[in-house]
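Visitor: Before we look at particular residues, could you show me the structure and explain the reasoning behind the words used to describe it?
Guide: Gladly; let us put it in front of us and take the terms one at a time.

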Amino acid sequence: MATNACWRGWGRRRMCVGIPMTVRAVRGVMAECEAEQPEGQPARREQVDITLVSDARPGDELLVFLGLARSRLDAEEASRIRAALGALAALAAPGPDAARVQDVVARGFADLCDAPPRLPPHLEAALAAGLEEA
């Protein structure tokens with residue numbers, strides 16, 4: 001079954017996201033991968049197509065979207081993504097109060113909260129070139 005991590009929030013809208021998975025075994029262009037789950041739930045194992053990351057090895061962290069590994073992640077990046085996904089899940093849970101929301105956002109998005117706002121590279125280049133509209 002392909003990975004299809006969709007988060008539902010803000011009414012009926014859905015957002016499909018890539019999730020970090022750890023390679024457990026490689027068999028040709030397929031790898032058995034494992035995704036961490038919230039506490040108390042067993043890790044989810046799936047067969048993932050590694051054609052785009054053909055040199056993947058057991059222990060590697062991969063960004064997986066719809067059953068296809070898109071890229072390799074370092075441990076820090078995989079941890080940040082897991083924290084952000086955990087924060088989204090916590091915020092989507094019923095009844096968050098303001099103090100809990102602030103705590104969840106601070107923990108799940110620390111890399112964004114502790115840094116100044118930044119533009120994507122292509123917009124940064126446009127701004128540096130003097131463009132006022134991109």
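Guide: Let us start with E61, which has a relative accessibility of 16% and counts as buried; please keep in mind that this is a predicted model.

Visitor: Why is E61 called buried?
Guide: The word buried is kept for residues under 20% relative accessible area, and because E61 comes out at 16%, it falls on the buried side of that cut-off. E61 is part of strand β6, and, leaving aside neighbours within four places in sequence, E61 is in contact with M21, T22, S71, R72, L73, A78 and R82.

Visitor: What makes the pair E61 and T22 a polar contact?
Guide: A polar contact requires a suitable pair of N or O atoms within 3.5 Å, and the side chains of E61 and T22 are joined at 3.1 Å, which satisfies that limit.

Visitor: How do you know that strands β6 and β7 pair, and in which sense do they run?
Guide: Pairing asks for at least two bridges, and β6 (residues 61-65) and β7 (residues 68-73) share 5 bridges in the antiparallel sense. One of the partnerships is that of F65 with L68 in β7. The two strands form a hairpin with 2 residues between them, and L66, in the loop between β6 and β7, has a positive phi of about 55° although it is not a glycine.

Visitor: Why is L66 called partly exposed?
Guide: Partly exposed covers what lies between the buried limit of 20% and the exposed limit of 50%, so L66, at 41% relative accessibility, belongs to that class. A43, in the loop between β4 and β5, has a relative accessible area of 40% and is therefore partly exposed as well. Not counting residues up to four places away in sequence, A43 touches E34, A35 and Q37.

Visitor: What makes strand β4 largely enclosed by the rest of the structure?
Guide: Strand β4 covers residues 30-35, and 5 of its 6 residues are buried, so the strand is largely enclosed. Strand β3 (residues 19-27) is joined to β4 by 5 bridges and runs antiparallel to it, while 6 bridges join β4 to β5 (residues 44-49), again in the antiparallel sense. E32 appears in both pairings, as the bridge partner of A25 and as that of Q47 in β5. In the hairpin of β3 and β4, G28 takes a positive phi near 70°.

Visitor: Which residues have the most contacts inside the largest nonpolar core?
Guide: They are M21, C33, L62 and A69, in a core of 14 residues. Strands β3, β4 and β6 each supply at least two residues of this core. Apart from it lies another core, of 5 residues, among them A84, A87, L88 and V104. As general background, nonpolar side chains in soluble globular proteins tend to be buried together.

Visitor: How do you know that the length of helix α1 is close to what is expected?
Guide: Helix α1 (residues 75-92) has 18 residues and reaches 26 Å from its first C-alpha to its last, close to the 26 Å expected at 1.5 Å a residue. At the start of α1, a side-chain oxygen of D74 reaches to within 3.1 Å of the backbone nitrogen of E76. The buried residues in α1 include A78 and R82, and both of these are also in contact with E61, where we began.

How values were computed
Residues are numbered from 1 along each chain as its sequence is written. This is a predicted model: local features need pLDDT of at least 70, side-chain atom pairs count only at pLDDT 80 or more; totals for chains, interfaces and linings use all residues. Side-chain values use heavy atoms; hydrogens and water are left out. Helices (H or I, at least four residues) and strands (E, at least two) are DSSP runs, numbered from the N terminus. The expected span of a helix is 1.5 Å times one less than its number of residues. Buried means under 20% relative accessible area, exposed over 50%, partly exposed in between (1.4 Å probe, protein chains only). A polar contact is a pair of N or O atoms within 3.5 Å; within protein, one must be able to donate a hydrogen and the other to accept it, and residues adjacent in sequence count only if both atoms are side-chain atoms. Contact means heavy atoms within 4.5 Å. A nonpolar core is a set of buried Ala, Val, Leu, Ile, Met, Phe, Trp, Tyr and Cys residues joined through side-chain atoms within 4.5 Å.
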